[in-house]
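User: I would like a close look at one part of this protein, the part where its strands pair up. Please set it in the context of the chain and go through it step by step.

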Amino acid sequence: MTALNRVPSLMARAGTASALTLAAVGGSIAVPGLATEASAATTATKALKVAASKKGAPYAWGATGPRRFDCSGLTLYSFKKAGKKLPRTAAQQYNKTRHISARSRKAGDLVFFHSGSYVYHVGIYAGHGKIWHAPKTGDVVKLQKIWTKSVWYGRVR
(Lines give C-alpha, C1' and ligand atoms only; values in the text may rest on other atoms or scores of the structure.)
Protein backbone atom coordinates (compact mmCIF):
# COMPACT_ATOMS: atom_id res chain seq x y z
CA MET A 1 0.00 0.00 0.00
CA THR A 2 1.40 3.42 -0.87
CA ALA A 3 1.51 6.39 1.46
CA LEU A 4 -1.12 8.07 -0.72
CA ASN A 5 -3.60 5.24 -0.09
CA ARG A 6 -3.05 5.55 3.66
CA VAL A 7 -3.49 9.32 3.85
CA PRO A 8 -7.06 9.36 5.28
CA SER A 9 -6.23 7.07 8.19
CA LEU A 10 -2.84 8.64 8.76
CA MET A 11 -4.05 12.25 8.80
CA ALA A 12 -5.78 11.75 12.11
CA ARG A 13 -2.62 10.31 13.64
CA ALA A 14 0.14 12.31 11.95
CA GLY A 15 -1.47 15.67 11.20
CA THR A 16 -2.95 16.83 7.91
CA ALA A 17 -0.04 18.89 6.62
CA SER A 18 2.68 16.31 7.27
CA ALA A 19 0.63 13.41 5.83
CA LEU A 20 -0.22 15.34 2.67
CA THR A 21 3.37 16.50 2.25
CA LEU A 22 4.68 12.96 2.61
CA ALA A 23 2.05 11.61 0.21
CA ALA A 24 2.99 14.24 -2.37
CA VAL A 25 6.67 13.30 -2.26
CA GLY A 26 6.06 9.55 -1.97
CA GLY A 27 7.23 9.17 1.62
CA SER A 28 5.79 7.10 4.40
CA ILE A 29 4.95 7.64 8.05
CA ALA A 30 5.89 5.39 10.94
CA VAL A 31 2.73 5.28 13.02
CA PRO A 32 3.17 4.04 16.59
CA GLY A 33 0.95 1.03 17.30
CA LEU A 34 0.41 -0.10 13.71
CA ALA A 35 3.48 -2.35 13.62
CA THR A 36 2.43 -3.87 16.94
CA GLU A 37 -1.07 -4.66 15.63
CA ALA A 38 0.40 -6.16 12.45
CA SER A 39 2.81 -8.40 14.36
CA ALA A 40 0.01 -9.42 16.76
CA ALA A 41 -2.11 -10.45 13.76
CA THR A 42 0.75 -12.52 12.34
CA THR A 43 1.33 -14.19 15.72
CA ALA A 44 -2.39 -14.91 16.13
CA THR A 45 -2.59 -16.41 12.63
CA LYS A 46 0.38 -18.67 13.37
CA ALA A 47 -1.11 -19.75 16.71
CA LEU A 48 -4.44 -20.51 15.03
CA LYS A 49 -2.69 -22.69 12.44
CA VAL A 50 -0.79 -24.54 15.16
CA ALA A 51 -4.02 -25.23 17.07
CA ALA A 52 -5.73 -26.46 13.89
CA SER A 53 -2.78 -28.76 13.20
CA LYS A 54 -3.50 -30.51 16.53
CA LYS A 55 -6.99 -31.60 15.41
CA GLY A 56 -7.76 -34.99 16.92
CA ALA A 57 -5.15 -34.80 19.69
CA PRO A 58 -6.62 -36.30 22.87
CA TYR A 59 -7.62 -34.18 25.86
CA ALA A 60 -5.59 -34.78 28.99
CA TRP A 61 -6.01 -32.63 32.10
CA GLY A 62 -2.83 -30.60 32.71
CA ALA A 63 -1.28 -31.52 29.34
CA THR A 64 0.56 -28.88 27.30
CA GLY A 65 1.42 -30.89 24.19
CA PRO A 66 2.73 -31.77 21.80
CA ARG A 67 0.48 -34.87 21.64
CA ARG A 68 -2.12 -34.25 24.39
CA PHE A 69 -3.71 -31.03 25.64
CA ASP A 70 -6.11 -29.48 28.05
CA CYS A 71 -7.78 -26.21 27.00
CA SER A 72 -5.17 -23.76 28.27
CA GLY A 73 -2.39 -26.18 27.37
CA LEU A 74 -3.50 -25.95 23.73
CA THR A 75 -3.51 -22.14 23.75
CA LEU A 76 -0.18 -22.00 25.62
CA TYR A 77 1.41 -24.45 23.15
CA SER A 78 -0.03 -22.73 20.07
CA PHE A 79 1.13 -19.25 21.04
CA LYS A 80 4.52 -20.54 22.19
CA LYS A 81 5.05 -22.03 18.72
CA ALA A 82 4.02 -18.63 17.28
CA GLY A 83 6.60 -16.84 19.46
CA LYS A 84 4.52 -15.60 22.42
CA LYS A 85 4.58 -16.74 26.02
CA LEU A 86 1.30 -17.24 27.88
CA PRO A 87 0.74 -18.26 31.51
CA ARG A 88 -0.55 -21.76 32.28
CA THR A 89 -4.24 -21.49 33.22
CA ALA A 90 -7.25 -20.05 31.38
CA ALA A 91 -7.80 -17.45 34.13
CA GLN A 92 -4.12 -16.40 34.07
CA GLN A 93 -4.26 -16.16 30.27
CA TYR A 94 -7.35 -13.95 30.48
CA ASN A 95 -5.52 -11.62 32.85
CA LYS A 96 -2.53 -11.45 30.48
CA THR A 97 -4.50 -10.52 27.32
CA ARG A 98 -5.85 -7.20 26.08
CA HIS A 99 -9.61 -7.52 26.58
CA ILE A 100 -11.65 -6.77 23.46
CA SER A 101 -15.32 -6.70 22.53
CA ALA A 102 -17.07 -9.46 20.60
CA ARG A 103 -17.43 -6.95 17.75
CA SER A 104 -13.64 -6.48 17.65
CA ARG A 105 -12.74 -10.18 17.75
CA LYS A 106 -10.56 -11.61 15.00
CA ALA A 107 -9.33 -15.06 14.13
CA GLY A 108 -6.53 -15.94 16.53
CA ASP A 109 -7.97 -14.07 19.51
CA LEU A 110 -8.62 -16.06 22.67
CA VAL A 111 -12.17 -16.88 23.74
CA PHE A 112 -12.67 -17.22 27.48
CA PHE A 113 -15.71 -19.03 28.88
CA HIS A 114 -16.84 -17.77 32.26
CA SER A 115 -19.41 -18.16 34.98
CA GLY A 116 -19.67 -14.82 36.75
CA SER A 117 -16.07 -13.71 37.18
CA TYR A 118 -14.70 -17.28 37.12
CA VAL A 119 -12.93 -18.18 33.84
CA TYR A 120 -13.17 -21.95 33.33
CA HIS A 121 -12.29 -22.61 29.66
CA VAL A 122 -10.35 -21.09 26.75
CA GLY A 123 -10.11 -21.65 23.02
CA ILE A 124 -8.72 -19.86 19.96
CA TYR A 125 -11.23 -17.99 17.83
CA ALA A 126 -11.30 -19.39 14.28
CA GLY A 127 -13.86 -16.97 12.80
CA HIS A 128 -17.53 -17.51 11.96
CA GLY A 129 -18.46 -18.10 15.62
CA LYS A 130 -16.15 -21.12 16.00
CA ILE A 131 -13.14 -22.00 18.15
CA TRP A 132 -10.35 -24.53 18.18
CA HIS A 133 -10.19 -26.04 21.66
CA ALA A 134 -9.54 -29.09 23.80
CA PRO A 135 -13.00 -29.59 25.34
CA LYS A 136 -12.91 -32.23 28.10
CA THR A 137 -11.79 -35.68 29.22
CA GLY A 138 -12.65 -38.31 26.59
CA ASP A 139 -12.73 -35.73 23.78
CA VAL A 140 -10.16 -34.41 21.30
CA VAL A 141 -8.93 -31.06 19.97
CA LYS A 142 -11.55 -29.87 17.51
CA LEU A 143 -13.24 -26.97 15.79
CA GLN A 144 -16.59 -26.22 17.40
CA LYS A 145 -19.26 -23.54 17.36
CA ILE A 146 -19.29 -21.28 20.44
CA TRP A 147 -22.22 -22.64 22.44
CA THR A 148 -22.86 -19.82 24.92
CA LYS A 149 -22.93 -16.04 25.17
CA SER A 150 -20.97 -16.19 28.46
CA VAL A 151 -17.63 -15.52 26.80
CA TRP A 152 -15.01 -12.82 26.91
CA TYR A 153 -12.38 -12.15 24.27
CA GLY A 154 -8.71 -11.39 24.67
CA ARG A 155 -5.95 -10.48 22.25
CA VAL A 156 -2.45 -11.76 22.99
CA ARG A 157 0.02 -8.87 23.08
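Analyst: What follows starts with the chain and then turns to the paired strands and their surroundings.

The model is a predicted one. The protein chain contains 5 helices and 6 strands. Read from the N terminus, the order of elements is α-α-α-α-α-β-β-β-β-β-β. Of the 157 residues in the protein chain, 42% are buried. The accessible surface of the chain is about 9000 Å², and carbon and sulfur atoms hold 56% of that area. Among contacts with a separation of 6 or more, 50% are between residues 24 or more positions apart.

Now the strands. Strand E3 covers residues 118-127 and strand E4 covers residues 130-133; the two run antiparallel and are joined by 3 bridges. They form a hairpin, with 2 residues between them. In the turn of this hairpin, His128 has a positive phi of about 55°. Gly127 is placed opposite Lys130 in E4.

E4 also pairs with strand E5, which spans residues 142-145. These two strands run antiparallel as well, and 4 bridges join them. Within this pair, Ile131 stands opposite Gln144 in E5. E4 is therefore a partner of both E3 and E5, given that strands count as paired when at least two bridges are found between them. As a general point, side chains in a regular strand alternate between the two faces of the sheet.

Next, the surface. Tyr118, Tyr120 and Trp147 make up a nonpolar patch there, and their accessible area together is about 370 Å². Tyr118 belongs to the stretch 118-127, that is, to E3. Trp147 lies in the loop between E5 and strand E6, the latter being residues 151-155. Trp147 counts as partly exposed because its relative accessibility is 44%, and that class lies between the cut-offs of 20% and 50%.

The last residue to consider is Ser78, which sits in helix H4, residues 71-81. Ser78 has a relative accessible area of 0%, so it counts as buried. Apart from neighbours within four places in sequence, Ser78 is in contact with Ala47, Val50, Ala51 and Ile124. Ile124 falls within residues 118-127 of E3, so this contact links helix H4 to a strand of the hairpin, contact meaning heavy atoms within 4.5 Å.

To put the part together: E3 and E4 form the hairpin, E4 continues the pairing to E5, and Trp147 follows in the loop between E5 and E6.

How values were computed. Residues are numbered from 1 along each chain as its sequence is written. This is a predicted model: local features need pLDDT of at least 70, side-chain atom pairs count only at pLDDT 80 or more; totals for chains, interfaces and linings use all residues. Side-chain values use heavy atoms; hydrogens and water are left out. Buried means under 20% relative accessible area, exposed over 50%, partly exposed in between (1.4 Å probe, protein chains only). Accessible areas come from the Shrake-Rupley method with a 1.4 Å probe; for residues, only the protein chains shown count as cover. Patches are made of residues with over 30% relative accessible area and no salt bridge: like charges are joined within 9 Å, nonpolar side chains (Val, Leu, Ile, Met, Phe, Trp, Tyr) within 5 Å. A salt bridge is a side-chain nitrogen of Lys or Arg within 4 Å of a carboxyl oxygen of Asp or Glu.
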